[in-house]
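Trainee: I am new to this structure and would like a close look at a single part of it. Could you take one residue, describe its surroundings carefully, and then connect that picture to the rest?

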2 protein chains.
Amino acid sequence: MTVALLSIGTELTRGEIVNTNASWLAAELTAAGFTVGVADTIPDELDRITATIHRLAAAHRLVIATGGLGPTTDDLTAAAAARATGVELVRDESTLLAIRRRIEGRGKPLMPGHEKQADVPAGSEILSNTVGTAPGFAIHLGETTVFFLPGVPREMKHMFTEQVLPRIRPSAPNNTFQVRLRTYGLGESALDQRLEGVEAAFPGVTLGYRVQTPEVDVKVYARAATQSMAHDLALRATAEVKARLGDCVYGEGDETFASIVGRALRTRGFRLAVAESCTDGLIAHLLTEQPATDFFVGSAVTYANSAKSRMLGVSEDTLRGHGAVSAEVAAEMAAGAKRLCECDIALAVTGIPASGNGSGDKPVGLCYWAVAYPGGTIIRERVFPGDHDEIQMAAAYAALDLVRRVASGTLETAEPEVFASGPAAR
Amino acid sequence: MTVALLSIGTELTRGEIVNTNASWLAAELTAAGFTVGVADTIPDELDRITATIHRLAAAHRLVIATGGLGPTTDDLTAAAAARATGVELVRDESTLLAIRRRIEGRGKPLMPGHEKQADVPAGSEILSNTVGTAPGFAIHLGETTVFFLPGVPREMKHMFTEQVLPRIRPSAPNNTFQVRLRTYGLGESALDQRLEGVEAAFPGVTLGYRVQTPEVDVKVYARAATQSMAHDLALRATAEVKARLGDCVYGEGDETFASIVGRALRTRGFRLAVAESCTDGLIAHLLTEQPATDFFVGSAVTYANSAKSRMLGVSEDTLRGHGAVSAEVAAEMAAGAKRLCECDIALAVTGIPASGNGSGDKPVGLCYWAVAYPGGTIIRERVFPGDHDEIQMAAAYAALDLVRRVASGTLETAEPEVFASGPAAR
């Protein structure tokens, strides 16, 4: 049984935003054992929405639509769903009450647009929204169920996970299993080359890559006669994949790279201070995406040279003599952060992430990072390719990786291949 | 005339990658004056590709398909295109020669898969690939032209820009114009209510909203008989929209909120230091997305209390007596950052963004922010709704807005309605 996805929104067909909802839903449905047969995107136009609902419902037993349930006049999905079912829109009083409570709980007045969000096709099954105002709903067209969810990603994800998935899971073929490996240190082509032949060796297994520079997720997707056979097949293939990729695989599932760094620090009882220049607070952000109170103290984001001197005690002679982007400044920044915060370990990064600020001997992308710890100070340098954001992210990961290696005592093992081509480490 | 987009690839329908090709093409086509009526995504399946080509070609004069032109056995798009046109695949010798040169130029042997990429539907118009191996091609079905491009984004973009756009541009209606207004301080419903009747007063104008909490973009999209009439219509409607929204409209086009804050600081010749606790470096990140050397000095991201004391000189008595999330600590953080960095103005934020850390009198979402400047210290407090990331973003914007008001001397004008309902300002 294939599932159809329908994304509704003129902001999508005008290319103003990327359709992350469709890919998220497709991944979730795939992981739950369904096969997505089509994912259509259409603008907020009443006739087109109605016609597309009919067309998709005729060819699929399950349709999941997102978007167009907002409070404004260009939100037409509920009206189109009513038309597709041949019913009127009716105001659902319990939904209206929930909307009123949410809006007034935020100290705001209820607007006509909010009230409109309580209008759903007569006879539809309401899906309450626990994190926003617009409810979702489900309609039935012949044997097909069509779910309508809000377009706001957070609301859509909550509603899908809490209310749609439990309803549809029993009808999943349930003959697939997927493992998501998180990797750092190899590019997509290099990973693909190392994994050549795995699919042939494990019939029923498909490998997929998802690049989120500088990370790449490797998905091991197995399909078999039953789910337990698929599970077993996926685990056997995963073991082979892990053996081939070595320590590029840093985690599984939803683990983040920063959480692995945090675990290494926690294990050693180390508390970390950070001094950031070119990464502009990105390292602090990555470290604090999950609770970090037990290993992270703070970060001095020293954008101007004066801040490097005044906040971290970097000497003005060093700044003048070597420039802000230098191994010497990185080392003094790390020492300053360690002293300032009375920490066991400190990380510092300085570099040139912006275009237009490079020069002959200091090109754009040049970064230095240093770790000061009880065993001494380690400094690395590298010219990272890419645009401003890519350089920042690459530098943040490289720097965090060095912290991980210091904290976990694996400094002597080979560093990620991604750096192998850079200038020699000092 | 509407255009249809067709994205072909099982990696898309499994959600392994996000479909950035469709949004890029939609934006390019919209900018060129076309209207995208539908964007469909389907897996690499011969029958489904063939049927979808037929369906889209029947309803649109222009179809642009991407993906499925690679060297592997699961790339079936050329075969489906031939079937849809009722012709055979034929090997194009000049394309084969170009592929051979490219592959052998990289020191690799030509594989059967590479040769397969020279197979195109008989009679199709070939679009050469200047940055990869797979050529594109165009077929005609009745009055409809269907372009087939590679799925690799870089190759697709080159081929679209160099070969597709010049061919289709003459047929663009060129009768639309869009203005993008950036707003902060009102929610989507409140904006919509203020703009009620604008569409009716300016026939041909559509208003669209794009929410990126806490910002909302308002798009004024005009369609008229000619582009200059659409341009004129859009500007007249935009003037009305701006008059109704007042200073919620902070900018246009690609301007960012932080860049407006930067402009206000620059105008006054103020240099800003920041002290962040609950925002974890987000304010530094927002301020440095565009060059900020002339107004931004740095940010002390003080995650632990010890960092607030050691980096910013917040007294331990204040931390003990009032708690880290308090007006008193926010004021001392701002004073400390101002003194530490010898700045004209300093901003500090402290709050509770994470779930699980609230208590009776200090709920999750409670934030204090303070601005210290030559005229004194201003402190605000507010409980922001939402999850961890939403609270962080709301606090960062509210804090930056206060800096903007202090720097631009508009402190006395009404603050954004979004705060009006919060606890009284101190």
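Mentor: Leaving aside its neighbours within four places in sequence, B:Ala370 touches B:Ala330, B:Ala331, B:Ala334, B:Ala346, B:Leu347, B:Ala348, B:Thr377, B:Ile378 and B:Ile379. This is a predicted model, and what follows should be read with that in mind. B:Ala370 belongs to strand S16 of chain B, which runs over residues 366-373, and B:Ala370 is buried, with a relative accessible area of 0%. From B:Ala370 to B:Trp24 the sequence separation is 346 residues, and in space the two lie 41 Å apart, C-alpha to C-alpha.

For a second place in chain B, take B:Asn21, which sits in helix H2 (residues 20-31). B:Asn21 counts as buried as well, at 8% relative accessibility, and, again leaving aside neighbours within four places in sequence, its contacts are B:Thr66, B:Gly151, B:Pro153 and B:Met156.

The cysteines deserve the same care. In B:Cys278 the sulfur is 4.1 Å from the closest cysteine sulfur, that of B:Cys367, and this is too far for a bond, because a disulfide here requires two cysteine sulfur atoms within 2.5 Å. B:Cys278 is buried, with a relative accessible area of 4%. Over all chains the count comes to zero disulfides. In chain A, A:Cys367 is likewise in no disulfide, and the nearest cysteine sulfur, in A:Cys278, is 4.2 Å away; A:Cys367 is buried, at a relative accessible area of 0%.

Stepping back to chain A as a whole, we find 17 helices and 17 strands, and a C-alpha trace that spans about 80 × 60 × 40 Å along its principal axes. Of the 426 residues in chain A, 56% are buried. When the contacts in chain A with a separation of 6 or more are considered, 66% of them are between residues 24 or more positions apart.

Next come the charged pairs, of which a search of the whole structure finds 46 salt bridges over all chains. One of them joins A:Glu125 to A:Arg167, with the closest N and O atoms 2.9 Å apart. This pair links distant parts of the chain, since A:Glu125 is in strand S6 (residues 125-127) and A:Arg167 is in helix H7 (residues 153-168), 42 residues apart. A:Glu125 is partly exposed, with a relative accessible area of 32%, and A:Arg167 is also partly exposed, at 37% relative accessibility.

Another salt bridge brings together the side chains of A:Arg263 and A:Glu255, at 2.6 Å from N to O. Here too both partners are partly exposed, A:Arg263 with a relative accessible area of 42% and A:Glu255 with 25%. A:Asp317 and A:Arg320 form a further salt bridge, their closest N and O atoms being 3.0 Å apart. These two residues, A:Asp317 and A:Arg320, both lie in helix H14 of chain A (residues 316-322), three residues apart, which is about one turn of the helix, and both are exposed. Elsewhere in chain A, a network of salt bridges links A:Arg180, A:Arg182, A:Glu215, A:Asp217 and A:Asp254.

Finally, consider how the two chains meet. In chain A, 71 residues are in contact with 71 residues of chain B. The area buried between chain A and chain B is about 5,600 Å², and carbon and sulfur atoms give 52% of it. Within the area that chain A buries against chain B, A:Arg14, A:Tyr303 and A:Arg310 supply 13%, more than any other three residues.

A:Arg310 also has a charged partner across the interface, forming a salt bridge with B:Glu342 in which the closest N and O atoms are 3.2 Å apart. Between chain A and chain B the count is five salt bridges, and 24 residue pairs are in polar contact, counting pairs with both residues at pLDDT 80 or more. Sorted by class, the side of chain A that touches chain B is made up of 28 nonpolar, 26 polar and 17 charged residues.

Note on methods. Residues are numbered from 1 along each chain as its sequence is written. Chains are lettered from A and ligands numbered from 1 in the order in which they are written. This is a predicted model: local features need pLDDT of at least 70, side-chain atom pairs count only at pLDDT 80 or more; totals for chains, interfaces and linings use all residues. Side-chain values use heavy atoms; hydrogens and water are left out. Buried means under 20% relative accessible area, exposed over 50%, partly exposed in between (1.4 Å probe, protein chains only). Helices (H or I, at least four residues) and strands (E, at least two) are DSSP runs, numbered from the N terminus. Contact means heavy atoms within 4.5 Å. Buried area is the accessible area (1.4 Å probe) that two parts lose on being put together, summed over both. A salt bridge is a side-chain nitrogen of Lys or Arg within 4 Å of a carboxyl oxygen of Asp or Glu. A polar contact is a pair of N or O atoms within 3.5 Å; within protein, one must be able to donate a hydrogen and the other to accept it, and residues adjacent in sequence count only if both atoms are side-chain atoms. Ala, Val, Leu, Ile, Met, Phe, Trp, Tyr, Cys and Pro count as nonpolar, Asp, Glu, Lys and Arg as charged, and the others, Gly among them, as polar.
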